[in-house]
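Student: I am new to this structure and would love a guided close look. Could you walk me through it, one part after another?
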Amino acid sequence: MINLNAGAPKVPLAEQWASYKAGCKLVNPNNKRKLDIIVVGTGLAGASAAATLGQLGYNVKAFCYQDTPRRAHSIAAQGGINAAKNYQNDGDNVYRLFYDTIKGGDYRARESNVYRLASISPEIIDLCVAQGVPFAREYGGLLANRSFGGTQVSRTFYARGQTGQQLLIGAYSALSRQIAEGNVKLYNRRDILDVVLVDGRARGVIARNLVTGEIERHSAHAVVIASGGYGNVFYLSTNAMGSNVTPAWSAYKKGALFANPCFTQIHPTCIPVHGEFQSKLTLMSESLRNDGRIWVPLDKEDAEKLRQKKIRPEDIPESKRDYYLERRYPAFGNLVPRDVASRAAKERCDAGYGVGTTGLAVYLDFGDAIRRLGQEAIAARYGNLFQMYEQIVADNPYKTPMMIYPAVHYTMGGLWVDYELMTTVPGLYAIGECNFSDHGANRLGASALMQGLADGYFVLPYTISGYLSGEIHTPPISTSLPEFDEAVRNVSDRLSRLKNNKGTESVDYFHRKLGKIMWEYCGMSRNEAGLKKAIGLIDDLKKEFEANVRVPGGLKEYNPELEKAWRVQDFIELGDLMVRDALQRRESCGGHFREESQTPDHEAMRNDDEFAFVGAWQFKGSGSEPELHREELHFETVAPSQRSYK
Amino acid sequence: MIFTLKIWRQKNAADKGGLVTYKVEDISADSSFFEMLDILNQQLIAQGVDPVAFDHDCREGICGTCSLYINGRPHGPLKGVTTCQLHMRSFRNGETIFVEPWRCGAFPVIKDLIVDRSAFDKIIQSGGYVSVNSGGIPDANTIPVPKPDSDAAFDAAACIGCGACVASCPNASAMLFVSSKVSHLALLPQGRVEAERRVQKMVSTMDSLGFGNCSNTYACEAECPKEISVVNIARMNREYLAAKIFAEKEKQISFSL
């Protein structure tokens with residue numbers, strides 16, 4: 001059993017970060033120039049880290065699979081970014097943001113990391129404003145805030161419905177400045193297919209140039225993974241088409257532990273699936289639940305008629321509607337947290353009350369709000385979202401209720417990291433969504449952007465210097481070392497096998513199949529029998545993929561099918577690990593609802609006695625079962641309580 | 001629905017390329033344009049033909065990866081919509097649809113429908129930022145910004161860097177793209193400090209990369225999926241002129257000293 005020690009300073013929680021910074025080792029400017037750092041991914045975490053490390057004087061190499069860093073999927077975040085600024089004088093402070101994050105994560109996150117995140121949050125806003133991020137403002141010229149995701153304070157900063165875009169462009173421009181100054185070298189259109197270890201330390205990566213197909217070797221004194229989440233394991237998700245687990249998965253296969261893989265967030269307000277050839281799901285901002293009321297018909301016959309389009313939702317009188325969130329959770333109503341709202345929608349649809357042609361949708365109705373506030377007021381608040389909905393669904397939400405259904409949105413699990421954001425492999429770091437550290441079993445709205453930027457701008461630049469101060473005598477790492485040769489050989493062999501496989505089915509066929517297994521057995525609701533069955537199904541799929549996948553095109557050219565094949569093969573392996581993790585966690589917590597662990601009235605029941613730990617998995621070789629290690633969670637500041645929204 | 005597709009196929013940058021005709025059937029009106037291309041590609045893979053390469057990523061209209069001339073128009077027939085947000089219900093059943101990569105010397109074709117837009121990155125690298133470091137920043141509310149200025153800056157900053165402005169312009173001018181960044185930062189007090197330097201550097205980089213000049217056709221504004229206004233171009237011209245005059249004056253003063 002590996003001893004998983006986060007290594008936070010042994011001082012009171014509120015003093016830990018200051019104490020760490022006061023004691024951490026620094027690298028002098030002459031030596032920084034001689035140290036190379038690889039950053040994989042250019043979303044909020046990766047771009048902010050690469051920009052800051054470049055600004056500090058390190059030699060940074062930044063990689064992204066997109067054509068430019070500005071396209072990373074952080075760009076799609078709509079709602080906002082939390083910060084404990086207390087500009088509204090409504091009682092917010094660092095402790096309250098910390099407390100809300102720990103509680104919202106259903107007591108499965110580590111106190112030390114979360115407290116640091118909350119304490120850094122105000123600095124993020126200062127920096128982003130200085131960069132020119134056009135956050136919403138009041139007429140007095142100061143910054144505006146809104147309440148988000150049911151919190152009691154207004155601490156969310158936002159830029160219309162495009163907060164992620166504006167923050168990413170801020171980080172991208174900081175990165176561009178460092179590229180221009182020669183501190184960062186950008187490698188775009190590259191997939192990172194392996195992490196190279198020399199004497200047990202992370203020393204480089206193997207990249208595939210997506211344009212030429214060239215296999216490249218890149219070395220460094222430290223490697224930072226910032227490759228985002230793995231929601232695409234479900235095939236349909238709100239992630240970008242190219243979002244993938246591959247860099248994080250390579251790190252796992254090289255010895256980094258993978259923590260809480262089963263913790264995925266299913267967002268309640270997405271546009272429902274319309275057909276078999278659907279390629280992705282689109283999120284409608286959670287803010288819609290502030291004014292929309294969620295309902296399904298009270299009678300199954302009405303639901304059936306709606307599915308067959310024999311009647312319209314406006315035809316159903318008030319008395320025949322079931323506002324099930326308001327009924328079940330009178331205290332919070334339509335503003336219950338994401339996990340609760342998602343499960344309730346699934347429950348109604350599974351019971352036969354779902355609407356839309358597939359029966360997998362519920363209504364989000366603005367009729368009351370429009371009658372109360374007028375169409376103009378609603379348009380001012382949600383105009384762009386209504387427009388987007390109409391563009392996709394061809395239905396006017398001012399006249400007829402929107403249809404929504406839950407969809408995979410964010411993954412809380414990821415590479416295990418300590419207080420310094422280092423994985424269990426020395427010199428290998430993981431930041432942003434690809435690590436597991438801050439959101440426990442359920443992420444609060446507007447906290448993902450906060451974490452990505454905190455890690456990249458303010459945490460990693462300090463913590464990595466401690467490690468690199470021990471590397472100043474290490475000359476540049478040669479890419480001719482046998483470890484690089486071996487990694488290149490392995491990558492080339494696997495690519496050739498994929499390319500030369502004389503199968504009959506396309507990559508998408510397997511990806512779609514995997515998605516169905518994951519959604520069915522490891523989605524919003526899980527049970528032992530289903531999870532055991534899924535392990536067998538995934539194993540069959542893995543074999544079928546190896547025997548029967550067809551990858552057209554060549555190795556040394558632009559070949560999107562080859563890229564997908566590699567990613568999907570990794571997703572299949574990840575799927576197996578997620579299911580194993582869900583199986584061992586015989587409790588319901590956050591995004592993980594285990595049917596065997598529920599209260600008499602069917603609410604999630606956590607089990608702190610047995611499961612107050614981080615489950616971190618170790619790769620034991622292909623064909624062997626991975627080994628589970630535990631980091632026990634100690635709640636010294638916040639006493640865990642059962643969440644209740646009744 | 002049934003469609004005939006005339007799609008530009010080009011193996012790589014050196015290849016001459018040409019239009020190839022394909023047929024797709026049984027397409028749902030609710031499927032997106034890219035889902036229709038996905039279906040075509042599944043057919044091609046089954047037939048052992050190399051699938052059509054096209055740029056796409058978020059498929060929700062915000063990342064700016066997607067491109068394409070669809071029947072000669074950047075991002076297709078709808079106003080304010082990217083190709084990835086376009087649905088087949090916007091086309092007639094049985095229609096023939098022409099699909100081509102963007103044509104501009106500064107955006108060379110990589111393969112099929114994919115072009116290289118890294119020239120945009122180079123323009124941003126030449127000055128599309130506020131030169132602040134992370135650390136030692138004063139509280140965000142120490143700089144009040146009038147709401148109308150902030151809103152106007154946001155309107156300019158909504159650019160997704162897709163290149164439709166260049167693709168729509170008869171001169172392949174990048175003025176709308178560059179001016180949106182110049183405006184975004186020049187409208188804010190934080191960006192004002194180095195506004196003169198910024199506009200000169202960005203414009204000179206834009207010119208050196210082979211983009212044409214603006215001749216006021218306003219095609220860029222009409223085709224921009226984020227509906228960025230040409231007012232930004234006027235603002236950039238003013239900024240540029242002022243910066244140049246200011247630079248001349250400074251030179252004279254320093255000579256006379």
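To get me started, how many helices and strands are there in chain B? After that, please take me through chain A with care.

Tutor: Happy to help! Please keep in mind that this is a predicted model.

Your question has a short answer: chain B holds 9 helices and 7 strands. Its C-alpha trace spans about 75 × 40 × 35 Å along the principal axes. Of the 257 residues in chain B, 51% are buried. If you take the contacts in chain B between residues at least 6 apart in sequence, 69% of them join residues at least 24 apart.

One pair of helices in chain B is a good place to look. The axes of helix 5 (residues 175-186) and helix 7 (residues 195-208) of chain B come within 10 Å and cross at roughly 175°. That angle is why helix 5 of chain B counts as roughly antiparallel to helix 7 of chain B. On the helix 5 side of chain B, the contact is made by B:V178, B:K181, B:V182, B:L185 and B:A186. Helix 7 of chain B answers with B:A195, B:R198, B:V199, B:M202, B:V203 and B:M206. Sorted by class, this contact has 9 nonpolar residues, no polar ones and 2 charged ones.

Now let us move to the place where the chains meet. Here 63 residues of chain A are in contact with 64 residues of chain B. On the chain A side, the elements that give two or more residues are helix 3 (44-56), helix 5 (111-131), helix 6 (163-180), helix 13 (448-468) and helix 17 (560-584) of chain A. Helix 6 of chain A gives the most, with 9 residues. By class, the side of chain A that touches chain B has 26 nonpolar, 24 polar and 13 charged residues.

Two of those elements, helix 5 and helix 13 of chain A, also meet each other. Their axes come within 9 Å and cross at roughly 85°, which means that helix 5 of chain A is roughly perpendicular to helix 13 of chain A. From helix 5 of chain A, the residues in this meeting are A:R116, A:L117, A:I120, A:S121, A:E123, A:I124 and A:L127. Facing them from helix 13 of chain A are A:M450, A:Q451, A:L453, A:A454, A:Y457, A:F458 and A:V459. The contact has 10 nonpolar, 2 polar and 2 charged residues.

Next comes helix 8 (residues 300-307) of chain A, where A:D302, A:A303 and A:L306 are buried. These three cover an arc of only 100° around the axis, so they sit on the same side of helix 8 of chain A. There is a general reason to expect such spacing: an α-helix has 3.6 residues a turn, so residues three or four places apart point the same way. On the other side of helix 8 of chain A, A:K300 and A:E301 are exposed. The buried residues of this helix pack against strand 12 (293-297) and helix 10 (338-353) of chain A. After helix 8 of chain A comes A:K309, with a positive phi near 60°.

Chain A has sheets to look at too. One is an open sheet of 3 strands in the order 6-7-8 (chain A), paired antiparallel. Its edge strands are strand 6 (190-198) and strand 8 (215-219) of chain A, and each pairs on one side only. Neighbouring strands of this sheet are turned by 25° against each other on average, direction ignored. Strand 7 (residues 201-209) of chain A is joined to strand 8 of chain A by 5 bridges, and A:A207 stands opposite A:E216 in strand 8 of chain A. Across strand 6, strand 7 and strand 8 of chain A lies helix 14 (residues 482-500) of chain A, running at about 140° to strand 6 of chain A.

Finally, another open sheet has 4 strands in the order 16-10-18-19 (chain A), with antiparallel pairing. Strand 16 (414-415) and strand 19 (627-632) of chain A each have a single partner strand, so one side of each is left without a neighbour in the sheet. Inside the sheet, strand 10 (residues 258-259) and strand 18 (residues 613-618) of chain A pair over 2 bridges, and A:F258 has A:W617 as its bridge partner in strand 18 of chain A. Helix 17 of chain A packs on this sheet, touching strand 10, strand 18 and strand 19 of chain A. The direction of helix 17 of chain A makes about 145° with that of strand 18 of chain A. You met helix 17 of chain A earlier, among the elements on the side that touches chain B.

Note on methods: Residues are numbered from 1 along each chain as its sequence is written. Chains are lettered from A and ligands numbered from 1 in the order in which they are written. This is a predicted model: local features need pLDDT of at least 70, side-chain atom pairs count only at pLDDT 80 or more; totals for chains, interfaces and linings use all residues. Two residues are in contact if their C-beta atoms, placed from the backbone, lie within 7 Å. Ala, Val, Leu, Ile, Met, Phe, Trp, Tyr, Cys and Pro count as nonpolar, Asp, Glu, Lys and Arg as charged, and the others, Gly among them, as polar. Axes are lines fitted to C-alpha atoms, for helices over the stretch in contact, and angles run from 0 to 180 degrees between N-to-C directions. Angles under 35 degrees count as roughly parallel, over 145 as roughly antiparallel, 65 to 115 as roughly perpendicular and the rest as oblique. A residue is buried if 20 or more other C-beta atoms lie within 10 Å of its own, exposed if 12 or fewer, and partly exposed in between; C-beta atoms are placed from the backbone. The arc is that of the directions from the helix axis to the C-beta atoms. Two strands pair if DSSP finds at least two bridges between them.
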